[in-house]
Amino acid sequence: MHINNILVVGSGAMGSQIGLAASLAGYATTIHDIAAEPLAAAREQIASRLDSSVAKGRLSRPDADAALARLSFTTSLEEGAAGADLVIEAATERLDVKRAIFAALDAAAPPHAILATNSSTLGSSKVAGSTSRPGKVCNMHFFNPALVMKCVEVVRHPGTSQETVDTVMELARRLGKAPVLINHEIPGFVANRLMGAIRDEALRLYAEGIATFEDIDTAAKTALGHPMGPFELMDLVGLDVSYLIRHATFAETGDPADLPHPALTEMYERGDYGRKTGKGWYRYGEAATAVK
Ligand SMILES: NC(=O)c1ccc[n+]([C@@H]2O[C@H](COP(=O)([O-])OP(=O)(O)OC[C@H]3O[C@@H](n4cnc5c(N)ncnc54)[C@H](O)[C@@H]3O)[C@@H](O)[C@H]2O)c1
């Protein structure tokens, strides 16, 4: 299926960068949000990101201007969906919100349009039933920051059609990404499960007093070539986010092994969320560099 027009729903951390990636790849792209403020902030951030790419010589001025001209912004879902061939939903991570969005998209988007969700934790089978086109629904899971990270996980639910999978994989390639296909929905998909396994082992080693968290981070970087240690990564992602994801996973699986590690719970309850609060495993100064 040929894609010309893309709608991105949600203009937050992920939606704004997914929208920019699509317009840079040449697609006429609309970004929608329920509120005008985040939409205006996204537009401003996109314009300044393009300016800085031009200043660094990574993008020509005409290409930056053309990318901005291919983007439009709207608070009307109906307006944004009307001409869309493919929608990437990147709104707040709440099932009720996403179900309502998918029902509205189903009513407003052309019958051929594919409806994908960028959700990290909700398999698309949870929203496909809100539409009359479950075969055209899947996860298209980008990583943060979406402009930079190459991986996109395309996750099919049992009813996703092969044409939908092929179209979304091809779109990801056209956005300059390296898509991976996940054949069955599983909490955390693949990349976050791998990351979770490393994080859990790091927490276990630390809690048993085998090594300090600083030394565990050092080993991950110097022996495994990871750009960041698991504790540094938890601070970057936000300990609150890690904590809430573990609870959401536990709610789905009922497996006590999926509950957050006690060290994580303790920090969450203290309000030490990592970089965003200035203290997590490490302490962060004004410039958000670790000062320990
Ligand atoms: N942040 C990450 O690292 C990350 C990584 C991969 C995937 N995701 C997924 O991306 C999605 C968005 O995450 P985010 O971090 O960008 O969140 P965010 O909070 O930065 O942005 C969400 C945006 O959605 C908007 N919104 C809320 N309800 C809406 C509605 N009904 N219609 C339209 N817009 C609505 C909000 O106003 C907000 O601007 C989530 O599903 C999340 O699981 C996030």
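This passage describes the confidence, annotated domains, cysteines and a surface patch of a predicted model.

The structure is a predicted model in which local features need pLDDT of at least 70 and side-chain atom pairs count only at pLDDT 80 or more, while totals for chains, interfaces and linings use all residues. Residues are numbered from 1 along each chain as its sequence is written, and side-chain values use heavy atoms, with hydrogens and water left out. The predictor's confidence in each residue is given as pLDDT, on a scale from 0 to 100. For the protein, the mean pLDDT is 95, with 98% of residues at 70 or more. The model scores are ipTM 0.99 and pTM 0.90.

Two domain annotations come from an unreviewed UniProt entry. UniProt positions are given in the numbering used here, feature names are shortened, and annotations may be inferred rather than shown by experiment. The record lists "domain: 3-hydroxyacyl-CoA dehydrogenase NAD binding" at residues 6-183. This span is 44% helix and 21% strand, and its end C-alpha atoms lie 24 Å apart. Helices (H or I, at least four residues) and strands (E, at least two) are DSSP runs, numbered from the N terminus. The annotation "domain: 3-hydroxyacyl-CoA dehydrogenase C-terminal" covers residues 188-284. Here the chain is 61% helix and 0% strand, with 28 Å between the end C-alpha atoms.

Helix α5 (residues 95-108) holds Asp 106. Asp 106 counts as buried because its relative accessibility is 16%; buried means under 20% relative accessible area, exposed over 50%, and partly exposed in between (1.4 Å probe, protein chains only). From Asp 106 to Pro 134 the separation is 28 residues in sequence and 10.0 Å in space, C-alpha to C-alpha.

A disulfide is a pair of cysteine sulfur atoms within 2.5 Å, and by this rule the count is zero. Cys 138 is in no disulfide, as the nearest cysteine sulfur, in Cys 151, is 14 Å away. Cys 138 is buried, at 0% relative accessibility, whereas Cys 151 is partly exposed at 24%.

On the surface, Leu 236, Val 237, Val 241 and Ile 245 form a nonpolar patch with about 270 Å² of accessible area together. Accessible areas come from the Shrake-Rupley method with a 1.4 Å probe, and for residues only the protein chains shown count as cover. Patches are made of residues with over 30% relative accessible area and no salt bridge (a side-chain nitrogen of Lys or Arg within 4 Å of a carboxyl oxygen of Asp or Glu); nonpolar side chains (Val, Leu, Ile, Met, Phe, Trp, Tyr) are joined within 5 Å, and like charges within 9 Å. Helices α10 (230-237) and α11 (239-253) each supply at least two of the patch residues. Val 241 lies in α11 and is partly exposed, with a relative accessible area of 31%.
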